[in-house]
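Me: I am new to this model and would like a careful look at one part of it, set against the rest of the chain. Please take it slowly and keep the answer connected.

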Amino acid sequence: MTATATGVLLVCVCGIIEGFAQIALKISASASARRTAWIAAGTALFVIRAVAYSTALRYLNVNVAYAVDALSFVAVAVLSKWLLGEHVTPIRWLGIALICVGIGMIVADA
């Protein structure tokens with residue numbers, strides 16, 4: 001695996017981790033019984049994400065890593081629909097598709 005591929009993979013993992021972190025914080029906002037546990041889980045996921053992102057920066061330029069990190073928007077939308085049952089409008093799905101196309105173009109050029 002090339003250095004660029006390793007960096008891109010790490011940033012993709014960061015996006016997924018951030019998605020789960022955002023979901024944990026959303027749950028903490030509505031769960032009164034285990035609020036502290038959900039906040040701790042979300043915070044821990046953000047710390048893990050920061051470490052993984054810092055590692056990815058060893059392999060990628062910041063401009064590529066930052067652009068690929070937009071996958072976190074995709075992860076949050078998909079996970080909020082899947083885990084929380086939130087509604088995602090068709091125009092948002094179109095935006096998500098455009099994000100994916102843009103990221104694909106950036107990665108192809110990296």
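Among contacts in the protein chain between residues at least 6 apart in sequence, what percentage join residues at least 24 apart? After that, please look closely at helix 4 and at which residues make its contact with helix 5.

Reply: What is shown here is a predicted model, and within it 72% of the contacts between residues at least 6 apart in sequence join residues that are at least 24 apart. The chain in which these contacts are counted has five helices and zero strands, so that, in the notation for secondary structure, its elements read α-α-α-α-α from the N terminus on. Its C-alpha atoms fill a box of roughly 45 × 35 × 20 Å along the principal axes, and of its 110 residues 32% are buried.

Helix 4, the part you ask about, covers residues 71–84, and it packs with helix 5, which covers residues 90–109. The angle between the two is about 145°, their axes lie 9 Å apart, and the crossing is left-handed. On the side of helix 4 the contact is made by L71, F73, V74, A77, V78 and K81, while helix 5 brings W93, I96, I99, C100 and I103. Sorted by kind, the residues of this contact are ten nonpolar, no polar and one charged.

K81 of helix 4 is one of the residues in that contact, and it deserves a look of its own. K81 counts as partly exposed because its relative accessibility is 40%, which falls between the limits of 20% for buried and 50% for exposed. Apart from neighbours within four places in sequence, K81 is in contact with E86, V88 and W93.

S72 also belongs to helix 4, but its surroundings are described by another set of residues. With a relative accessible area of 6%, S72 is buried, because that value is under the limit of 20%. Once the neighbours within four places in sequence are left aside, S72 is in contact with G15 and E18.

Helix 4 also takes part in the largest nonpolar core, being among the elements that give two or more residues to it, together with helix 1 (3–30), helix 2 (35–56), helix 3 (62–68) and helix 5. This core has 16 residues, and those with the most contacts inside it are V11, Y53, L60, A65, V68, L71 and I103. L71 and I103 also appear in the contact of helix 4 with helix 5. As for V68, it is in contact with V8, V11, C12, I103 and V107, its neighbours within four places in sequence being left aside. In soluble globular proteins, nonpolar side chains tend to be buried together.

For a second view of how helices pack in this model, one may turn to helix 1 and helix 2, whose axes come within 8 Å and cross at roughly 165°. The two are therefore roughly antiparallel to each other, and their crossing is left-handed. Their contact holds 18 nonpolar, five polar and three charged residues. S28 lies in helix 1 and, with a relative accessibility of 6%, counts as buried. Beyond its neighbours within four places in sequence, S28 is in contact with R35, W38 and I39.

Definitions and conventions. Residues numbered from 1 in each chain as written. Predicted model: local features only at pLDDT ≥ 70, side-chain atom pairs only at ≥ 80, totals over all residues. Heavy atoms only, no water. Helix = DSSP H or I, 4+ residues; strand = E, 2+ residues; numbered from the N terminus. Buried < 20%, exposed > 50% of the residue type's maximum accessible area, 1.4 Å probe, protein only. Contact = heavy atoms within 4.5 Å. Axes fitted to C-alpha atoms, helices over the stretch in contact; angles between N-to-C directions. Left-handed = near helix turned anticlockwise from the far one by under 90°. Nonpolar A, V, L, I, M, F, W, Y, C, P; charged D, E, K, R; others polar. Core = buried A, V, L, I, M, F, W, Y, C linked by side-chain atoms within 4.5 Å. Parallel < 35°, antiparallel > 145°, perpendicular 65-115°, else oblique.
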